[in-house]
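Please open the model in your viewer and follow the stops below, changing the selection at each one.

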Amino acid sequence: MKTVPGARPSGRRRTREKSAHRRSERRHALLFLAPAGLLLIAVFLLPTLVTFVISLEPEGVNPTPSEVFAPENLSQSGLQNYERSLNDSVWLSSMRTTVIFGAGMTVLGLLVSLALAVLINRVARGRAVLLALVLVPWAVPPVVSGTTWGLVVHGDIGTLNGVLEAAGLIDTYQVWLGEPLGALTAVIVATTWRWIPLMTLLLLAGLQQLERESYEAASVDGANSWQQFTHVTLPGLRPMLLTTGVLSLIWSTKVFDEIWVLTGGGPAHGTTVMNLWAYQQAFEFLRFGYGAALAYQLALATGVLAVLYFLVARRADQ
Amino acid sequence: MRFDRSRDPLLERVSQGEGGGLTRRELLRRSALFSAVSGLALMGCSPQGQEGGGSQNSRNLNVAVFSHFEELDRRLARRYKSSTEKGVKFEALVADNHRDKIIGSLRAGSSPWDVIPLWSFLTPEMASRGWLADLTDRIEEEFGSDFEQFVGGDAAFQNGLYEGRRYGVPVDVGGTILHWNKDLLEKRGLDPEAPASWHETAGSNEEFVRYAKELTFKEGGVQHWGFSDNWREQAAITFNTFIQMFGGQCMDLSDEQDAYGEVTFHEGPGVEALQFMVDLLHTHQVVDPASVTYDWVFDITPGYLDGRVGFISTWPFVAALAEDPEQSKIAGAAAHAPNFAAVTSATSQDPHYIAIPESAPGGVDAAWEYVRTRLSVPVQREQGEEGAWAPIYKDLYQEPAVREAFIQADVIVKSLEYPSSLSVTPDYMEWRSTLNTAISQALSQDKTPQEALNEAAEQVKASRG
Amino acid sequence: MMFRSRRSVRLRAISRRAVEWLALLLLFGLMFLPILTLARASVSPRVDLYSRPFRWLPQEWTWQHYLDVLRPGHIVPLVEAMRHTFIVSLGTALLSVALGSLAAYAFARLQFRGRNALLSAMFAVYILPGMLFLIPIFIMFREINILDSYGSLIIPYTAFIMPFIVIVLRGYFASIPRNLEEAAMLDGCSPFQIYLRIVLPLSTPGLVAAFVSAFILAWNEFLTPLILTSRLRVITTTLGQYSSTQDIELGAMAAAGMYSLLPVVIVALALNRYIRRGLVEGAVKG
């Protein structure tokens, strides 16, 4: 670094000041982050590590500190629980169900929320009301929404059957949850319902940004509204659609409440997703190590999706 | 009968009450005073306000109860105290997740409770893990070896057995019985009293099918069904009843020392039982097809209580529900009997149990005092007079007050004279789930009953290693 | 000619608007079908709820279910559960906004190594299955004997919800112009003073969004209290209690469901502007 001699001291001082400032910032950052960080370490990181140790240990080890960290149990650690899952036909089918569930939720969610976002975006008067109302499913406790959807799709007293019959669309009541495909559809619809507010808000944000950028140009060209939608809106919205879609895949891996209430995973495991089977192994059949191993595999899948999300989000930013 | 909670020194110490008690409406209404007082007393309590914890364990007994038994057991606590000078601290567990709660506590080797409630089928599982105290000698001392004083003899105690020892006792009795709507039968030109004697006649399942077919009809655009049942999680219970009707069992548990026994649900009677279910649904088409979705919360009662379903086979308490005009449109028309018969009539018994954890903080002896009182004749009589949960002693069913409370008393007693075992094993929860899957595969006609059951049997054997 | 064409343009505009509103009405109708179903069940006497053919409105309205579930001693202790839930949600919202805003400030303004890695780690808590950490938490809490206290719920709730709050607030803090802070720094204010005296007061809308979102998320939490509590009843686990009774009263269950969703839905509606912005921020910037 070559500078004019006279300027030297002040340059040095500035560097020194800067590094002192850096250090103080770092120290302060530590202080600012410490409370949150300690909490996350205690409630999240340590338990996650304990669960990992348990997933390696043989069946029958109770999840207490004294047993999990007993030398004789630690020495028997291995991949047996992970190997076992390769031969578990329900686990393998639950992977497929999880994928179908995620895809279904994402496609359905994007379609409905895209329609909602585009329509709400075109409304001038009454828009504030619509925006407020669209938020409602998000605020409903998932447990209540599960039971509520149970009342909707009930084969005997459900409102869906009632409405469809009154509209003349069916003449006998349908058993929506009776076979695997119908049941899977029902739980997808019920779960998607809860996420539609968020997806709609995301797409609306995307639309508004798009409008600021390019919308007017096209409408001047005399394109009709459908052409405008397919040629301008959709391509322009693609980054946001991708982001929302990947987020929806991530959310779909966590589904539990709705399936638990509506189908319990049946019929014939047709709605058993990975999260549910891991829970059942751990809590119903008391194979805690095995349940932990399954939960870790699910976490791995979620992790892959998260990486995908970061990639998509970064591309959307550019 | 009611008492002022604030003046009762015992109940002052009792855990924070969640009110509650028995589920049925009239009981709730009758308990309103009790509840109002306790409710007011509680408004100010913090949830940690339950004194106790470790320090009082030496004086108080910690008893966990099902939330739907709480009120009854609270009243019992006074009786217990007067005989032992110990107070009782209650904790109500919700049936839904009570197994998780109990297992979570017991597996760490330290039970917070002296007495725990169980569904009877959980007893072998918990016993096999060494969590429950062996009660064999105490039961023998109390009751001798004479189980004839109990409804159904030894049957109600059977699910408490593990490797020939006893680990839990029933606080009530009862299995599924047949309920039907006499008005509907009459309307379709059927003898409304005939089902009452089906249980005595082998082969009356054919007659049941004939009736059910007549009862399946459409009127004014509304579909009526001959039969409806909970075939989601509880399909295995119906299957268990039917397999016994055809002369079989889900598991061969004849060797008392082998708690797991041999899988037999895929043999002849099992295949016949499942074929019978498939035929009802598909060949005869007399079952409400939504049955495969009915379970705990969304169950069979709407159709039956609305007068659109001819027969159901379920727990005895539904009888009282059907008689309440506020709840049902078929009050006065409901009738009950033991289930119809194939080779024999049959039922599946899963009573409410109580057991003592091996690590009971107050010691097994003190806990046993509570259990003994809970099973004593006066307490059982009191329970019977409320009409919700059937008492365990035969003699009580002769008493007018109990008979009045239990319109279906004779039916309960009679139904337990037929095969009523549930084939519980330590891995019951797991094989029941496997069996449920097989049943739903057969009901959706993806597999034949034989195929589905064979595969399930293989899976059970494989997971037993 | 010109007149006609102008009229037809106007007609087309009107008919297009009608179609749009019709589509909106249909979509919102479907979206509200579940809640209307619940409301219907909550005012129907049992015999009406079970009867066929289907009727939208019960023959006889009843508010009895709403009264029943509030009565002390009802099998489902709703009032008590709502009180507990309120306290726990309030505690969670306060704590997660307090801790979360501190962390968010560091992420938004301070330079330090590993910033992005730490932010990603927070995101992980937000998306990973709860199965991974709930059981050890249960065991740990039992060892230190705090199960069934308010703290046993507030602590894990805060840990699960705070990452979301951090993301929301970081976005908000970043949008505040820096010049005020720079001026304060020249005056010799420490970062903490700047955070407390300048950033927080300027961020009221963001703090409201964070606080309300945290409150609602805590109110709706289910799996955590299911595993961690038995005596301390909160609203979501209390609703599960209906399935424990032998005689399931769907009407009362629906009324309790309405009670449990009304507070959060009303808050969400009243403050929807703040929440909406927070949600978008939280989801995208994560």
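**Start inside: the largest cavity**

In this predicted model, the residues that line the largest cavity divide into 28 nonpolar, 4 polar and 5 charged. To find the place, select Arg194(A), Trp195(A), Lys254(A), Leu217(C) and Glu221(C), which lie nearest the centre of that cavity among the 37 residues lining it. The space enclosed there comes to about 970 Å³, and the structure as a whole holds 17 cavities of 30 Å³ or more. Next, colour helix α5 of chain C, residues 115–127, since this helix gives the largest share of the lining of the largest cavity, with 4 residues.

**Then the interface of chains A and C**

Now show chain A and chain C together and select the residues in contact, which number 90 from chain C and 85 from chain A. Between them the two chains bury about 7900 Å², and 82% of this area is on carbon and sulfur atoms. On the chain C side, pick out Met31(C), Met131(C) and Leu132(C), which supply 9% of the area that chain C buries against chain A, more than any other three residues.

For the polar part of the interface, where do side chains meet in a salt bridge? Select Arg122(A) and Glu20(C), whose side chains are paired in this way at 2.7 Å, N to O; the interface has 1 salt bridge by the rule applied. Residue pairs in polar contact between chain C and chain A, both at pLDDT 80 or more, number 5.

Finish with helix α1 of chain C, residues 2–42, which with 16 residues gives the most to the side of chain C that touches chain A. By class, that side has 70 nonpolar, 12 polar and 8 charged residues.

Technical notes. Residues numbered from 1 in each chain as written. Chains lettered and ligands numbered in written order. Heavy atoms only, no water. Contact = heavy atoms within 4.5 Å. Buried area = accessible area lost by both parts, 1.4 Å probe. Salt bridge = Lys/Arg side-chain N within 4 Å of Asp/Glu carboxyl O. Polar contact = N/O pair within 3.5 Å; in protein donor to acceptor, adjacent residues only side chain to side chain. Helix = DSSP H or I, 4+ residues; strand = E, 2+ residues; numbered from the N terminus. Nonpolar A, V, L, I, M, F, W, Y, C, P; charged D, E, K, R; others polar. 1 Å grid on protein atoms, 1.4 Å probe; cavity = no way out; pocket = protein on both sides within 12 Å on 5 of 7 lines; lining within 4 Å. Points joined across faces, edges and corners; volume = space filled by probe spheres on them.
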